[in-house]
Amino acid sequence: MYSTNSSAAFQVSNESNNGLLFIPSSLPGFTQSGVYSRIDASGNHSIYQCDGVLCEVTDEERICPVCGQKMHIKSSRSITLRHLPFGFTYIHITVKVQRLFCENGHHTQMRSIPFRAQKHTITTALESYIEDLLASGCYTLKEIAERTGVGAHLVGEIDKARLSRLYTDQTELGPVLKKPDTCSRYLAIDEFKLHNGHKYATHIIDLETGHVLWIARGK
Ligand SMILES: [Zn+2]
């Protein structure tokens with residue numbers, strides 16, 4: 001059950017739904033068939049595992065991009081995406097996705113999942129949430145990973161893409177840093193010990209705002 005209109009009313013089924021919340025899920029086209037709870041492999045987190053299917057294949061989706069004829073449904077496979085956590089419980093969405101093929105042998109493709117983040121096995125809603133947490137500047141990558149149930153490496157990749165989108169322009173020669181709106185007036189430089197105490201890192205900060213401008217290994 002979903003709507004792209006934030007002020008829309010939501011139709012709740014008359015069947016028995018004692019104890020269930022019906023709220024927008026940000027999962028357009030997803031129909032849930034069941035849910036069960038389990039504990040993750042580490043034993044530290046509970047997971048709501050939600051299974052379901054995508055809406056019917058539309059005529060538009062079935063058009064072969066090569067010959068324009070109607071493609072057929074070949075088979076389907078299940079894909080699991082991580083979704084917005086519910087408190088400390090992670091949500092996993094497992095959706096059956098059909099494979100389409102052209103009888104003339106031109107083309108085979110998996111249906112695209114409208115709520116899947118472009119490059120990751122997470123939902124677009126979870127990706128936006130991670131970006132919001134990163135933009136707040138209040139949490140480390142590890143804290144966000146723990147809160148959302150994805151790996152710190154993935155949080156880092158999302159942050160890199162977010163920063164690149166915000167602070168670089170795409171040119172023929174590749175990404176180029178945007179010119180900042182303001183420049184720092186006073187810079188401060190300092191070095192500090194890393195974890196084992198034998199290695200150092202150096203950082204440069206804006207003395208007025210305290211923002212870290214540059215950081216690197218070594219003195
Ligand atoms: Zn074709």
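Biologist: Where in the structure is the place of Arg165?
Modeller: Arg165 is in helix H3. Helices are DSSP runs of H or I with at least four residues, strands are runs of E with at least two, and both are numbered from the N terminus. Residue numbers start from 1 along each chain as its sequence is written, and side-chain values use heavy atoms, with hydrogens and water left out. This is a predicted model, in which local features need pLDDT of at least 70 and side-chain atom pairs count only at pLDDT 80 or more, while totals for chains, interfaces and linings use all residues.

Biologist: Why does Arg165 count as exposed?
Modeller: The relative accessibility of Arg165 is 52%. Exposed means over 50% relative accessible area, buried means under 20%, and partly exposed lies in between, with a 1.4 Å probe and protein chains only. Arg165 is over the upper limit, so it is called exposed.

Biologist: What makes Glu131 and Arg165 a salt bridge?
Modeller: Their side chains meet at 3.1 Å, N to O. Glu131 lies in helix H1 and Arg165 in helix H3 (residues 152-167), so the pair ties together parts 34 residues apart in sequence. A salt bridge needs a side-chain nitrogen of Lys or Arg within 4 Å of a carboxyl oxygen of Asp or Glu, so 3.1 Å meets the condition. Glu131 has 17% relative accessibility and therefore counts as buried.

Biologist: How many salt bridges does a search of the whole structure find?
Modeller: The search finds four. One of them joins the side chains of Arg111 and Glu61 at 2.9 Å, N to O. Arg111 is in the loop between E5 and H1, and Glu61 is in the loop between strand E2 (46-54) and strand E3 (72-86), with their positions 50 residues apart in sequence.

Biologist: Is Arg111 buried or exposed, and on what value?
Modeller: Arg111 has a relative accessible area of 6%, so it is buried. Its partner Glu61 has 23%, so Glu61 is partly exposed.

Biologist: Which side chain meets Glu208 in a salt bridge?
Modeller: The side chain of Arg185 does, at 2.7 Å, N to O. Glu208 sits in the loop between strand E9 (200-206) and strand E10 (212-217), and Arg185 in the loop between strand E7 (174-177) and strand E8 (187-193), 23 residues apart. Glu208 is partly exposed because its relative accessible area is 46%, and Arg185 is exposed because its value is 60%.

Biologist: How many aromatic pairs does the whole structure hold?
Modeller: The search finds one. The rings are those of Phe30 and Phe115, 5.9 Å centre to centre, with 80° between the planes. Phe30 lies in strand E1 and Phe115 in the loop between strand E5 (108-110) and helix H1 (124-136), so the pair ties together parts 85 residues apart in sequence.

Biologist: Why are Phe30 and Phe115 called edge-to-face?
Modeller: Rings of Phe, Tyr and Trp (its six-membered ring) pair if their centres lie within 6.5 Å; planes under 30 degrees apart count as stacked, over 60 as edge-to-face, and the rest as tilted. The planes here are 80° apart, so the pair is edge-to-face. Phe30, at 10% relative accessibility, counts as buried, and Phe115, at 0%, is buried too.

Biologist: How do you know that the charged end of Lys74 sits over the ring of Phe101?
Modeller: The charged end of Lys74 is 5.7 Å from the ring centre. The rule asks for NZ of Lys or CZ of Arg within 6 Å of the ring centre and within 35 degrees of the ring normal. Lys219 likewise lies over the face of Tyr200, at 4.4 Å from the ring centre.

Biologist: Which residues form the nonpolar patch on the surface?
Modeller: Leu21, Ile23, Val35, Tyr48 and Phe86 form it, with about 510 Å² of accessible area together. Such areas come from the Shrake-Rupley method with a 1.4 Å probe, and for residues only the protein chains shown count as cover. Patch residues have over 30% relative accessible area and no salt bridge; nonpolar side chains (Val, Leu, Ile, Met, Phe, Trp, Tyr) are joined within 5 Å, like charges within 9 Å. Ile23, in the segment before strand E1 (30-39), is partly exposed because its relative accessibility is 48%.

Biologist: What is the phi of Ser26?
Modeller: Ser26 has a positive phi of about 60°, although it is not a glycine. Most residues other than glycine have a negative phi. Ser26 lies in the segment before E1.
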